[in-house]
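Please walk me through this protein model, taking the hairpin, the helices, the cysteines and the internal space in turn.

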Amino acid sequence: MLLMRYNYISLLIEYLKKVEKMIKFTKMHGLGNDYVYMDAIHQTIENESFLAQFVSNRHFGIGSDGLILICQSEVADFKMRMFNADGSEAEMCGNGIRCVGKFVYDKGLTNKNVITIETLAGIKTLVLNCQKGKVKTVRVDMGEPILAPEKIPVMAIEEPVKSLKVKSLEKEFTFTCVSMGNPHAVTIVENVENFEVEKYGKILEVASVFPNKTNVEFVQIQDKEHVKMRVWERGAGETLACGTGACATAVACFLNGLTNRKVWIELLRRNVRNRME
C-alpha cells in the first residue's frame with residue numbers, strides 16, 4: 001500500500017512539473033461509466049497519458065474510469081480521444097461518446113442535433129435529443145460489429161469466433177469475440193452477481209490470445225430478451241457500464257442463438273436496450 005501511494009505521488013509530482021496552468025474539466029457519466037472531459041480545442045492539453053492516470057485516481061485525483069478529450073477534426077464535427085485509467089489510449093467508448101455529444105452541445109460548441117465524431121474506431125454519428133436548450137438523451141450509431149479474428153484482433157481460426165477456450169487460474173472460459181472498434185471477449189456464466197470479476201478479469205484481459213488485450217464481458221442469460229452483464233474493461237478494471245461492451249454482448253448472444261435481435265442488458269446500476277438492424 002505504501003509503495004502504491006509512493007508511486008502515485010511520484011507520478012503526480014512528475015506531471016505537475018510538466019503543467020504550468022490550470023486546466024478546465026467536466027466530470028460526466030453514462031450509466032455510471034464516468035470520465036473526466038476536457039475541451040482540447042480552446043485549451044492546450046499535454047502529456048495526456050500522465051494526465052489520465054492523475055485525474056482517474058479515486059483517492060488522490062478527481063476519480064474516473066479515464067479521460068476523454070474533445071478535439072478539432074478535419075473529417076468530422078469533432079474528434080474524441082479516450083484514455084483509460086492506466087494511461088493507455090483506447091479506440092472507442094460508447095458511454096463516453098454519448099457524453100461528448102452532450103458536452104459539445106450544452107457548452108455551445110455546436111448547435112446541430114446530428115453530429116459526427118471522429119474516433120480511432122472510425123467516424124460515429126450521434127443524434128441529440130434536446131429539450132429546453134440542453135441535451136436530454138443521445139443515440140449513437142455504433143456501426144457494424146467486426147467478426148474477423150485478425151481485425152478484432154484475436155488469435156483464432158474460426159470466423160466468427162464463438163468457441164475460443166482460455167484458462168484463467170482454475171477455470172476455463174469459452175469466449176465469443178467481437179470488435180465494436182475495440183476488442184471484446186464475451187463469456188456466459190451461471191450467476192453474474194456473485195462472479196469474481198476482478199479475480200479472473202485481470203488475467204483474461206492480458207491473455208496471450210489477445211494481441212491488443214481485451215475487454216471481458218461476463219454474461220448471465222435470463223431469457224431471449226434479457227441478459228445480465230458485468231464488464232472488466234481493458235486498462236480500467238471493472239466499471240459500472242460499457243456501451244461497446246453492451247453492443248458486443250448483444251451480438252455475441254445473438255450469434256449463439258441465446259437471444260433475439262432486441263435485448264435488454266442489465267448492468268450493475270441500470271439497463272440498456274440494444275437493437276441490431
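The paragraphs below describe a predicted model, moving from local elements to the enclosed space.

Begin with the hairpin. Strand β1, residues 26-30, and strand β2, residues 33-39, run antiparallel to each other and are joined by five bridges. Two residues separate the strands, and one residue of the turn, L31, has a positive phi of about 60 degrees. At this end of the pairing, G30 lies opposite N33 in β2.

Helix α3 covers residues 94-106. With 13 residues at 1.5 Å a residue, a span of 18 Å is expected for α3, and the distance of 19 Å between its end C-alpha atoms agrees with that. Because 10 of its 13 residues are buried, α3 is largely enclosed by the rest of the structure. The buried positions of α3 are G94, N95, G96, I97, C99, V100, G101, F103, V104 and Y105. Just past the end of α3, G108 adopts a positive phi of about 75 degrees.

Helix α5, residues 243-255, can be read in a similar way. Its 13 residues reach 19 Å from the first C-alpha to the last, close to the expected 18 Å. α5 is mostly covered, with 11 of 13 residues buried. Among them are the glycines G243 and G245, the cysteines C247 and C253, and several alanines, including A246 and A248. Just after α5 comes G257, with a positive phi of about 70 degrees.

The cysteines can be taken next. How many disulfides does the model contain? The count is zero. For C99, the closest cysteine sulfur is that of C93, at 8.1 Å; a disulfide requires sulfur atoms within 2.5 Å, so the C99 and C93 sulfurs are too far apart for a bond. C99 has a relative accessibility of 6% and therefore counts as buried, the cut-off being under 20%. C130, at 24%, is partly exposed.

What remains is the space inside the protein. The structure holds one cavity of 30 Å³ or more, and the largest cavity contains about 60 Å³ of space. Which residues line the largest cavity? They are Y35, M82, N84, A90, M92, C93, N182, N215, E233, R234, C242 and T244. By type, this lining comprises six nonpolar, four polar and two charged residues. Some of these residues link back to the elements above: C93, in the lining, carries the cysteine sulfur closest to that of C99, and T244, also in the lining, is one of the buried residues of α5.

Terms used. Residues are numbered from 1 along each chain as its sequence is written. This is a predicted model: local features need pLDDT of at least 70, side-chain atom pairs count only at pLDDT 80 or more; totals for chains, interfaces and linings use all residues. Side-chain values use heavy atoms; hydrogens and water are left out. Helices (H or I, at least four residues) and strands (E, at least two) are DSSP runs, numbered from the N terminus. The expected span of a helix is 1.5 Å times one less than its number of residues. Buried means under 20% relative accessible area, exposed over 50%, partly exposed in between (1.4 Å probe, protein chains only). Two strands pair if DSSP finds at least two bridges between them. On a 1 Å grid over the protein atoms alone, a cavity is a set of points where a 1.4 Å probe fits but cannot get out, and a pocket is an open set with protein on both sides within 12 Å along at least five of seven lines; lining residues have an atom within 4 Å of a point. Grid points are joined across faces, edges and corners, and a volume is the space filled by probe spheres set on the points. Ala, Val, Leu, Ile, Met, Phe, Trp, Tyr, Cys and Pro count as nonpolar, Asp, Glu, Lys and Arg as charged, and the others, Gly among them, as polar.
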